[in-house]
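Below are my comments on the model you sent. They are numbered so that you can reply to each in turn.

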Amino acid sequence: MSEFAPILIYLVISLLVSLILLGLPFLFSSNSSTYPEKLSAYECGFDPSGDARSRFDIRFYLVSILFIILDLEVTFFFPWALSLNKIDLFGFWSMMAFLLILTIGFLYEWKRGALDWE
């Protein structure tokens, strides 16, 4: 159990810090300066145009999924770069195979027109 003590301490401290940071604005805020215009949904003075729940084009979701894939690829680079001197050529060629697979997938998406906006 003693080997888990630092993790428990970390969790307790992070919980306390997050609760303190969530509670501080309530201590320093005042409700005396609120008025109906301030609490309205649109402060800019313009009337809303259209429905807030409008449909988005599917391309936005596709771009976000592609960004997540790219982001995950970058997260694999960091530990690979740190341990490259220990994993030698096997680790290097494993990452090259990983990059090759991702590049083939990217080229496939590009050829199919998934990245075109028109």
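**Notes on the predicted model**

1. Pocket composition. Sorted by class, the residues lining the largest pocket are eight nonpolar, one polar and two charged. The model is a predicted one. The lining consists of Val-63, Leu-66, Phe-67, Ile-69, Leu-70, Glu-73, Leu-102, Gly-105, Phe-106, Glu-109 and Leu-115. The elements that contribute two or more residues to this lining are helix 3 (58-82) and helix 4 (84-112). Helix 3 supplies the largest share, six residues. For the volume of this pocket, the computed value is about 260 Å³.

2. Fold content. The protein chain has four helices and zero strands. Read from the N terminus, the order of elements is therefore simply α-α-α-α, with helices taken as DSSP runs of H or I of at least four residues.

3. Confidence. The mean pLDDT of the protein chain is 83, and 81% of the residues score at least 70. Which elements have the lowest and the highest mean pLDDT? Helix 2 (residues 36-39) has the lowest, at 60, and helix 1 (residues 5-28) has the highest, at 93. Any comment that rests on helix 2 should be read with its mean pLDDT of 60 in mind.

4. Annotated spans. The unreviewed UniProt entry lists residues 7-28, 58-82 and 89-108 under "transmembrane region". In the model, the span 7-28 is 100% helix and 0% strand, and its end C-alpha atoms lie 32 Å apart. The span 58-82 is likewise 100% helix and 0% strand. Its end C-alpha atoms are separated by 38 Å.

5. Burial and surface. Of the 118 residues in the protein chain, 5% are buried. The accessible surface of the chain is about 11,100 Å². Carbon and sulfur atoms account for 71% of that surface.

6. Met-95. This residue lies in helix 4. Is Met-95 buried or exposed? Met-95 counts as buried because its relative accessibility is 7%, and the cut-off for buried is under 20%. Ala-81 is 14 residues away from Met-95 along the chain, and the two C-alpha atoms are 10.0 Å apart.

7. Leu-62. Leu-62 is placed in helix 3. Its relative accessible area is 29%, so Leu-62 is classed as partly exposed. Leu-62 and Ala-114 are 52 residues apart in sequence, while their C-alpha atoms are 7.7 Å apart in space.

8. Asp-88. What is unusual to check in the backbone here is the phi angle: Asp-88 has a positive phi of about 55° although it is not a glycine. Asp-88 sits in helix 4. With a relative accessible area of 51%, Asp-88 is exposed, because the cut-off for exposed is over 50%.

9. Points to keep together. Helix 3 and helix 4 are the elements giving two or more residues to the lining of the largest pocket. Leu-62 belongs to helix 3, whereas Met-95 and Asp-88 belong to helix 4. Within helix 4, Met-95 is buried at 7% relative accessibility, whereas Asp-88 is exposed at 51%.

How values were computed. Residues are numbered from 1 along each chain as its sequence is written. This is a predicted model: local features need pLDDT of at least 70, side-chain atom pairs count only at pLDDT 80 or more; totals for chains, interfaces and linings use all residues. Side-chain values use heavy atoms; hydrogens and water are left out. UniProt positions are given in the numbering used here, feature names are shortened, and annotations may be inferred rather than shown by experiment. Buried means under 20% relative accessible area, exposed over 50%, partly exposed in between (1.4 Å probe, protein chains only). Accessible areas come from the Shrake-Rupley method with a 1.4 Å probe; for residues, only the protein chains shown count as cover. On a 1 Å grid over the protein atoms alone, a cavity is a set of points where a 1.4 Å probe fits but cannot get out, and a pocket is an open set with protein on both sides within 12 Å along at least five of seven lines; lining residues have an atom within 4 Å of a point. Grid points are joined across faces, edges and corners, and a volume is the space filled by probe spheres set on the points. Ala, Val, Leu, Ile, Met, Phe, Trp, Tyr, Cys and Pro count as nonpolar, Asp, Glu, Lys and Arg as charged, and the others, Gly among them, as polar. pLDDT is the predictor's confidence in each residue, from 0 to 100.
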